[in-house]
Amino acid sequence: MTATHSTRMLILGSGPAGLSAAIYGARAGLAPIVVQGLQPGGQLTITTDVENYPGFKDVIQGPWLMEQMQAQAEHVGATMMWDTIVDVDLSQRPFRLTGDGGTLYFADALVIATGAQAKWLGAPGEQELGGKGVSACATCDGFFYRGKKVAVIGGGNTAVEEALYLTNHSHDVTLIHRRDSLRAEKILQDRLFAHPNVKVLWNKAVEGFVAGEGAAGLVAIDLKDTVTGEPSSIAVDGGFVAIGHHPATELFKGHLELDEDGYLVVEKGGTRTSMPGVFACGDVADKIYRQAVTAAGTGCMAALDVERFLAEADFEAVAA
């Protein structure tokens, strides 16, 4: 027999956005169900040192922070489901969603907090040195490289912005790009080229990330000239991959409005999507900030928007 769950508020994703929405939704008496997805706890579960989340003077661990958020959400009345949604029907309310084992979920309101994953190069040493010199977020990890030599890989807006941000911490920033021109907006390029602490290596593809002896982290990046094929290497303490992100929105193509990069489109200053009763928060709708604290903030916003939406829907149903 097919398992079925009905709820006023269904949340997809269990990172800071989803769990914050769950906490606020539960406190509003909505008894939310959280479908945790493929990576329960979100990207913070694979993040070690977290130094920029408000409320903790000492460095905390990402997995611990997410355990605490989940425990808080459950304590106030949210239900966690170990499942992944594989099909959605948003044609009518309650919305109908199907888990990968066939479990059915019916919801009066849906909050999408499925996040986004950084794109990686797939180069040797990249994953092995993750958190040990290789990162995909300068805003998150740049602080750890104060006074050290760093490199950013990429040629779009994100790469240029990350390189400029890193100049707040490092006097030696190198942008590595596989072509002879950048895709970034001209105003960003002008700022980059004018900055005395940034240099650009053109026509260079990353061949691998090199670890130091013993327990040492990243010490160099191996390169190959995309024109001549000549190999080279650059000594660095930190390497930041900035070639974009994949928002987890495949499931919603054809159902909800997405922007040109695949992110869910929400109303300005809110979390409402193109479908009444469906809300989005966190990195799945945010390609600018992508921080745990901003994700948590939009999770709160989504819960408040859900509460208002359901109150209005209930009033209209009674009035009818």
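User: In this predicted model, over how many bridges do S15 and strand S16 pair, and in which sense?

Analyst: In this predicted model, strand S16 covers residues 231-235, and one position where the two strands meet is aspartate 222, which stands opposite serine 233 in S16. The pairing of S15 with S16 runs in the antiparallel sense, and its extent is five bridges.

User: Which residue takes a positive phi in the hairpin of S15 and S16?

Analyst: The hairpin of S15 and S16 has five residues between the strands. A positive phi near 80° is found there, and the residue that takes this value is glycine 229.

User: What is the bridge partner of phenylalanine 209 in S15?

Analyst: Strand S14, residues 204-211, pairs with strand S15, residues 218-225, in the antiparallel sense over seven bridges. Within S15, the residue that serves as bridge partner of phenylalanine 209 is isoleucine 221.

User: Is threonine 103 buried or exposed?

Analyst: Threonine 103 lies in the loop between strand S7 (95-99) and strand S8 (104-112). Leaving aside neighbours within four places in sequence, threonine 103 is in contact with Thr2, Ala3, His5, Asp83, Leu97 and Thr98. Because its relative accessibility is 16%, and the cut-off for that class is under 20%, threonine 103 counts as buried.

User: Which cysteine does the disulfide join to cysteine 137?

Analyst: The structure holds one disulfide, and its S to S distance is 2.2 Å. The torsion about the S-S bond is about 70°, so the disulfide is right-handed. Cysteine 137 is buried, with a relative accessible area of 15%, whereas its partner is partly exposed at 29%; that partner is cysteine 140.

User: Why is the sulfur of cysteine 281 without a bond to the closest cysteine sulfur?

Analyst: Cysteine 281 is buried, with a relative accessible area of 1%, and cysteine 300 is also buried, with a relative accessible area of 17%. A disulfide needs the two sulfur atoms to be within 2.5 Å. The closest cysteine sulfur to that of cysteine 281 is in cysteine 300, and it is too far for a bond because the distance is 10 Å.

User: Which helix gives the most to the lining of the second largest pocket?

Analyst: About 360 Å³ of space lies in the second largest pocket, which is lined by 18 residues, with Val266, Ala285, Asp286, Lys287 and Ile288 nearest its centre. By class, this lining has 10 nonpolar, five polar and three charged residues. The helix that gives the most, with three residues, is helix H6 (residues 292-319).

How values were computed: Residues numbered from 1 in each chain as written. Predicted model: local features only at pLDDT ≥ 70, side-chain atom pairs only at ≥ 80, totals over all residues. Heavy atoms only, no water. Helix = DSSP H or I, 4+ residues; strand = E, 2+ residues; numbered from the N terminus. Buried < 20%, exposed > 50% of the residue type's maximum accessible area, 1.4 Å probe, protein only. Contact = heavy atoms within 4.5 Å. Pairing = 2+ DSSP bridges. 1 Å grid on protein atoms, 1.4 Å probe; cavity = no way out; pocket = protein on both sides within 12 Å on 5 of 7 lines; lining within 4 Å. Points joined across faces, edges and corners; volume = space filled by probe spheres on them. Nonpolar A, V, L, I, M, F, W, Y, C, P; charged D, E, K, R; others polar.
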